[in-house]
Structures are given as C-alpha cells and as structure tokens.
Amino acid sequence: MNYMIQGHLCAHLCDDYREDLFPATVRLYRVNIDNNTNRRMASDSKDTLQMLDEKAVKAKEKQLLTEASTDQQGNFTLKLNSDQQDYNGEAIEIDVLVKAVPNQKEQKKKDDPVQFTITVWQPKWRERDKDLVAVWDECLPARFWCGIRSLFDAWVICGKIRDCQNNNRPIENVKVTAFDADWLKDDVLGSAVTDSDGHFRIDYTSSDFKQTFLSPTVNIETPFPPFNSGPDVYFKVETTGSPSTVFLEEKRPDGQIAGRKDIGNCFCINLCVDPKLIPPPPPIEYEPALFTHVGAYEILTQIDTNGFTNDSQKNAFTKDIPLNGDLPSGYASNEMEYRFRIINVNTSVELSAAQVINLIQTTTIGSVQRVFPHDPSISDSIPGIGYFRTFPYYLKNPGATYNVDPDADGWIKVPRLNNPETTGLFKASFGSGVSLAIIDTDQLFTQSFNLNNPTVHVAGNTMNASDRFSGPHPTFRIIFEAREVGSSILSSTNILDKIVVWNGEFAQTRHPNWVGGSVTLKGVCMVDLNELIGADSGCKKLSSTVNARYTCYHPYLESATLRLVSNTAPPSVNLTIDSNREASGAQTYSGLSPCAYILKLTSTYRLTSGYGRRGDAFDRDELAFCVGE
C-alpha cells in the first residue's frame with residue numbers, strides 16, 4: 001500500500017506576517033506508542049516543539065522513514081510504502097531540518113543545520129487513486145521561529161504603509177528605508193518598495209547595524225556593552241522616482257522610544273502617511289499575454305529538445321495538461337486575444353482550429369473581484385464600504401456567470417472587466433499558475449494494444465513485436481499567438497517546439513489459473529509461477545523451489561521490481577529492462593520454508609500531467625501462494 005502526506009509549512013514572523021518555509025526538509029520518524037507519545041499527540045504543536053542537538057539527531061537516524069524538501073511556496077509531499085518501509089499508517093514523529101531561512105540576506109560558512117521536532121501525529125487517511133492520502137499543515141509560532149532565524153543571523157522588518165485618513169487604504173509603490181539610531185553613526189538597515197497591499201519587507205543581518213568607525217575590520221554595536229543588542233529603528237517613506245517626494249521622515253529620537261529600541265530578529269510595524277502627499281497611481285501599462293509553462297515546466301528550459309521534461313525523470317506528458325502563462329489584468333491598457341495552434345511533428349500536419357477548440361477543457365483563467373453595497377444582513381459587510389466577493393472566470397464553461405468561449409478561429413478574448421463596483425475587476429496572477437487552456441491529450445494521441453489476440457500472452461515470454469509501440473515518439477509542436485483585439489498583427493508568440501504525448505493502454509490476461517483475469521492497464525505488468533501455469537494447475541502443491549515468471553512493458557518504462565513477501569523473504573529484485581523497454585523472464589526462488597508468500601511485481605512509468613511524476617504512473621500485479629511440508 002502507498003501512503004502519501006501532502007502538506008504546507010510556514011512560520012509566523014509576528015501576528016500579522018508569516019513566511020513559507022523554503023528551503024526546508026520535512027522528516028518522518030517511526031515512534032513507539034507509549035503514554036508519553038499519546039500525551040504528545042494530544043498536545044498542541046506549540047507545546048511539543050523541541051530543538052535537537054547533533055547527538056539527538058544521530059540517535060534517531062535508524063527510525064527515519066522518509067523525508068522531502070519543501071518548494072518555494074512551502075509545499076511538500078512525503079511518500080511511504082508498506083512493503084519498502086514496513087509502514088501501515090500508524091502515528092509518526094515530524095521533524096524539520098533547515099540549513100538556511102527564507103530571504104536570508106547572506107549565509108555564513110559557519111551556519112550549521114538546525115533540526116527540530118514539531119509533533120507526534122496520527123494521520124487521518126483518505127483513499128484516492130488506490131493510495132491513502134493525508135494532509136498536514138503547520139505554521140510555527142513567531143517566538144520559536146524567530147529564535148531559529150537568529151541562529152542564522154537573519155533579521156527581518158515587515159510592515160504596511162497606509163493612508164492615515166482614507167479608511168487606512170494601503171499605499172503601493174513607495175520606498176521604505178529603515179535606519180538604526182547608533183551611538184556614532186546611523187546605519188541603513190535596508191530598503192524595500194511596497195506592493196499592491198502596501199506591504200514591505202526588509203531583510204538584513206547584524207553586520208548592517210554593528211557598524212563602527214573601525215568597520216569593516218571591527219563590527220560591534222556601540223556603545224559597549226551589550227554586544228548582542230538589536231538596532232534602534234526609525235523609518236523614511238518616499239516615492240521611488242528621482243527626485244523623490246518624502247511622505248514620512250522620522251528622526252533619530254524615534255528610534256529610542258519604547259517598542260523601537262533594541263528590536264528583535266523579527267519586527268513588524270504599521271506606518272501611515274499624509275494623504276495630501278500621496279502621488280496619483282502610476283499610468284496603466286501595456287501587459288502582454290504569453291505562454292510560458294506546461295504545468296510547472298517552463299517551456300524554454302524545463303522541456304528538452306526531444307519533448308520530454310528536462311530533469312532526471314525525463315517524463316512524457318499524458319491526460320489533461322495545463323498550458324500556463326501570463327494574461328493582462330482588467331486594468332491593462334491593451335485588450336488582448338490569444339489562441340493555440342498545434343502541429344503533429346511526425347506528420348507535419350497542423351490541427352484545424354475546430355480540432356484545437358475540441359481539445360480545450362473547461363479552464364479557470366483568472367478571477368473577478370466585486371465590491372457590493374453594504375448589506376447589514378451579511379456578516380462581513382462593512383458600513384460605508386460594503387463587502388467583497390471573488391468569482392472564477394472560466395474558459396469554455398457556458399453555464400458560468402463569467403465565461404469566454406473561443407471564436408471559430410480559436411481566438412480567446414482576455415476579459416476586460418475593470419470596475420470593481422460595477423462589472424468587477426478581472427485579475428490573473430503571472431507565471432506558471434495561470435492556465436491559459438487545459439487540453440485533453442487523449443485527443444492528440446491514444447493507442448490500444450491487445451495481448452490476448454491472436455493468442456494470450458503468458459507471463460515470462462518475450463512480447464510479440466506487434467504488441468509493442470513501434471512508431472516514433474508521438475511528438476507535437478504548440479504555437480501560442482497573441483494580438484490586440486481588432487488587429488491582425490501578432491504582438492507576441494511563444495513556441496514549444498516539441499512535446500511528447502502518450503495515452504496508450506494494454507489489454508492482457510494475468511495468471512488465469514489463479515485469481516486474475518483480463519484487465520486493461522497503462523502498460524504490461526503480469527507475474528505468474530511456472531508451477532501454476534497450465535490447465536488445472538492453480539491449486540498444485542508447491543515445493544521449496546518455485547520459478548516466478550514476469551513481463552513488464554511500456555514505451556516509457558522506468559523501472560520494474562519483483563518482490564517476494566513473507567517472514568523469511570529474499571530482497572527485492574530490480575529487473576533488467578532491455579532496449580525495447582521490456583523486462584521479461586524468470587526468477588528462481590529456492591530453499592523456501594513452509595509458509596504463505598505473496599509475489600509482487602511493480603512497473604513504474606515516466607508520465608506527467610505537468611506537475612512532476614503522476615501518482616498513478618505505475619502498474620502492479622501480485623500472486624499469493626503457499627509452500628507446504
């Protein structure tokens with residue numbers, strides 16, 4: 001049985017600000033269930049956090065089940081297998097290893113990795129695609145996490161700039177500079193520009209405020225002592241242009257008041273500025289429409305010249321795949337439309353516009369943000385402001401409130417909604433997260449193979465050539481075109497020169513003299529015992545020597561493993577895959593004690609739908625038997 005834990009790891013910097021943990025490694029350990037373990041499972045994680053020294057980490061090495069790294073959003077996936085790790089869904093201990101912290105300004109060679117225990121957790125498993133899946137999210141408290149950051153000399157100031165009078169609305173695109181009111185010389189800790197929500201973040205190290213007249217030879221916060229105090233912080237807020245307009249300019253004494261003096265590693269603040277000095281919003285800019293990713297794979301660097309993913313997995317693409325990229329928002333000065341063209345590289349035949357439109361599945365291409373008048377019957381409605389709602393904007397979902405359909409030539413108009421209080425405001429974030437269209441690759445390529453005709457293929461025998469895929473890789477070229485509405489001139493085009501698509505299936509009959517029968521799988525995966533093959537052999541008495549027979553095949557077969565499970569079973573066998581991407585033959589097991597056995601065969605395939613190896617990119621077969629006295 002496969003177990004999968006999906007989760008997200010973050011940490012608070014203070015009450016209103018937090019960060020996703022990257023880079024970090026999540027580690028799962030086996031635990032012995034006792035009263036202490038039960039107490040820890042019942043406790044809040046903030047009460048079970050514990051730093052580990054090198055000796056403690058070493059002591060629990062043998063209990064390590066698996067580990068996984070977080071991505072830049074703090075997401076991770078941990079995989080366990082009952083056969084490989086002898087794990088059956090019980091409680092586990094969760095640790096995190098960090099070798100650096102997010103947005104660390106600089107990393108010193110002396111920085112040592114830090115590992116800490118978060119909790120003991122009993123997953124609540126749910127079945128999905130023949131696997132058991134659980135979800136675990138954790139956001140560490142600021143007091144603990146800022147202590148971890150201090151070990152890496154990582155200091156941070158988070159804040160928000162607001163309009164002092166107009167409903168405290170956020171102020172974007174202004175420069176915030178933080179200073180340390182030092183004894184001899186004021187140090188600049190750093191600068192940042194506010195985002196659309198008025199937020200800013202400044203990362204710095206102790207060397208930024210431990211500047212003296214002897215720097216850089218000697219950096220010590222003065223006066224002496226203490227040597228480990230934090231900065232005394234004050235701020236300046238101004239426009240980003242040159243010359244700038246200053247909205248707020250604090251003085252050195254502001255850094256000496258309570259709450260500003262000797263701040264810690266994590267410091268958060270809200271500042272407001274004089275609204276009379278706020279400049280008008282920047283002019284609306286031209287925003288392009290671009291095709292940049294297939295799922296998470298960047299089309300120029302992460303898909304190779306042959307059309308496979310440009311990583312160690314070398315995956316082909318299968319099923320529904322998202323063609324992702326960038327779209328202008330409703331505020332953009334340009335009204336855009338885009339389309340995809342697809343060419344079969346092997347035949348040089350281009351699909352018609354109608355065929356491409358049929359490929360496109362219902363896709364969420366962005367969202368619409370609406371502001372509604374105040375309604376006292378709605379709990380989150382604010383007098384004088386109203387309430388906010390966000391709705392999905394669809395491509396090819398005619399029944400939806402917000403929907404766009406391609407025209408006869410395949411052109412898709414980007415929504416132009418730009419008034420939050422009337423039509424709503426269309427928004428689409430940039431990068432691999434915006435799906436321009438999800439396409440069904442089954443319509444690009446699919447092929448069926450039948451290992452039952454003209455004769456039933458027997459496990460262990462080499463496959464007939466007609467039962468294998470013999471053509472070139474099914475390869476396609478995807479061309480993206482964008483233009484301003486009303487113009488026939490293309491404003492941008494992006495081309496994915498090659499992408500390999502596979503959607504095949506194989507009908508086969510497995511161990512017909514024991515529980516098996518006809519099945520259709522992604523690939524060929526069949527195992528049997530030579531002693532049980534043949535009419536009326538399904539219940540034949542078996543001796544201490546048996547001969548396993550196996551056949552695995554897929555044009556993108558990555559690995560094939562044969563495993564005999566019992567109390568005294570031998571180790572797994574990694575089967576040899578030949579140039580035809582087939583593993584077939586026999587494996588002899590001798591000296592078997594009287595016992596019950598399960599013979600398991602697993603084949604793994606190089607297939608993705610855009611976000612790493614698919615969780616179902618494998619087939620399995622197994623056979624149970626007994627060896628008697």
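A residue counts as buried when its relative accessible area is under 20%, as exposed when that area is over 50%, and as partly exposed in between. The exercises below apply this definition, among others, to a predicted model.

**Exercise 1. Decide whether Ile 385 is buried, exposed or partly exposed, and say where Ile 385 is found and which surface patch it helps to make.**

Solution. Begin with the position: Ile 385 is found in the loop between strand 25, residues 363–372, and strand 26, residues 387–395. Next take the accessibility: because the relative accessibility of Ile 385 is 35%, this residue counts as partly exposed. Finally look at the surface around it, where Ile 385 makes a nonpolar patch of about 270 Å² together with Ile 382 and Phe 388.

**Exercise 2. Classify Asp 129 and Arg 39 by their accessibility, and state how far the C-alpha atom of Asp 129 is from that of Gly 615 and that of Arg 39 from that of Val 120.**

Solution. Asp 129 sits in the loop that runs between strand 9 (126–128) and strand 10 (131–140). Its relative accessibility is 58%, and Asp 129 therefore counts as exposed. In sequence, Asp 129 and Gly 615 are 486 residues apart, yet their C-alpha atoms are separated by 8.1 Å.

Turn now to Arg 39, which belongs to helix 1, residues 35–42. Since the relative accessibility of Arg 39 is 47%, this residue counts as partly exposed. From Arg 39 to Val 120 the separation is 81 residues along the sequence and 9.2 Å in space, taken from C-alpha to C-alpha.

**Exercise 3. Work out which strands stand at the edges of the open sheet with the order 37-38-41, and why one side of each is left without a neighbour.**

Solution. First read the order: this open sheet has 3 strands, 37-38-41, and the pairing is antiparallel. Strand 37 (524–529) and strand 41 (582–589) stand at the edges, and each has a single partner strand, so one side of each lacks a neighbour in the sheet. On average, and with direction ignored, neighbouring strands of this sheet are turned by 10° against each other. For the detail of one pair, strand 37 and strand 38 (residues 546–553) are joined in the antiparallel sense over 6 bridges, and Val 527 stands opposite Tyr 550 in strand 38.

**Exercise 4. Find the edge strands of the open sheet with the order 40-39-42-44, and name the bridge partner of Ala 596 in strand 44.**

Solution. This open sheet contains 4 strands in the order 40-39-42-44, with antiparallel pairing. Its edge strands are strand 40 (573–574) and strand 44 (618–627), each of which pairs on one side only. Strand 44 and strand 42 (residues 595–605) pair in the antiparallel sense over 10 bridges, and Cys 626 in strand 44 is the bridge partner of Ala 596.

**Exercise 5. List the buried residues of helix 4, and then describe the protein as a whole by its secondary structure and its buried share.**

Solution. In helix 4, residues 142–151, the buried residues are Phe 144, Trp 145, Cys 146, Ile 148 and Arg 149. Just after this helix, Asp 153 takes a positive phi of about 55°.

For the whole protein, the secondary structure comes to 5 helices and 44 strands. Of its 629 residues, 48% are buried. Among contacts between residues at least 6 apart in sequence, 70% join residues at least 24 apart. The C-alpha trace spans about 95 × 70 × 55 Å along its principal axes.

How values were computed:
Residues numbered from 1 in each chain as written. Predicted model: local features only at pLDDT ≥ 70, side-chain atom pairs only at ≥ 80, totals over all residues. Heavy atoms only, no water. Helix = DSSP H or I, 4+ residues; strand = E, 2+ residues; numbered from the N terminus. Buried < 20%, exposed > 50% of the residue type's maximum accessible area, 1.4 Å probe, protein only. Patch = residues over 30% accessible without salt bridge, like charges linked within 9 Å, V, L, I, M, F, W, Y side chains within 5 Å. Areas by Shrake-Rupley, 256 points an atom, 1.4 Å probe, with all protein chains shown as cover. Salt bridge = Lys/Arg side-chain N within 4 Å of Asp/Glu carboxyl O. Pairing = 2+ DSSP bridges. Contact = heavy atoms within 4.5 Å. Axes fitted to C-alpha atoms, helices over the stretch in contact; angles between N-to-C directions.
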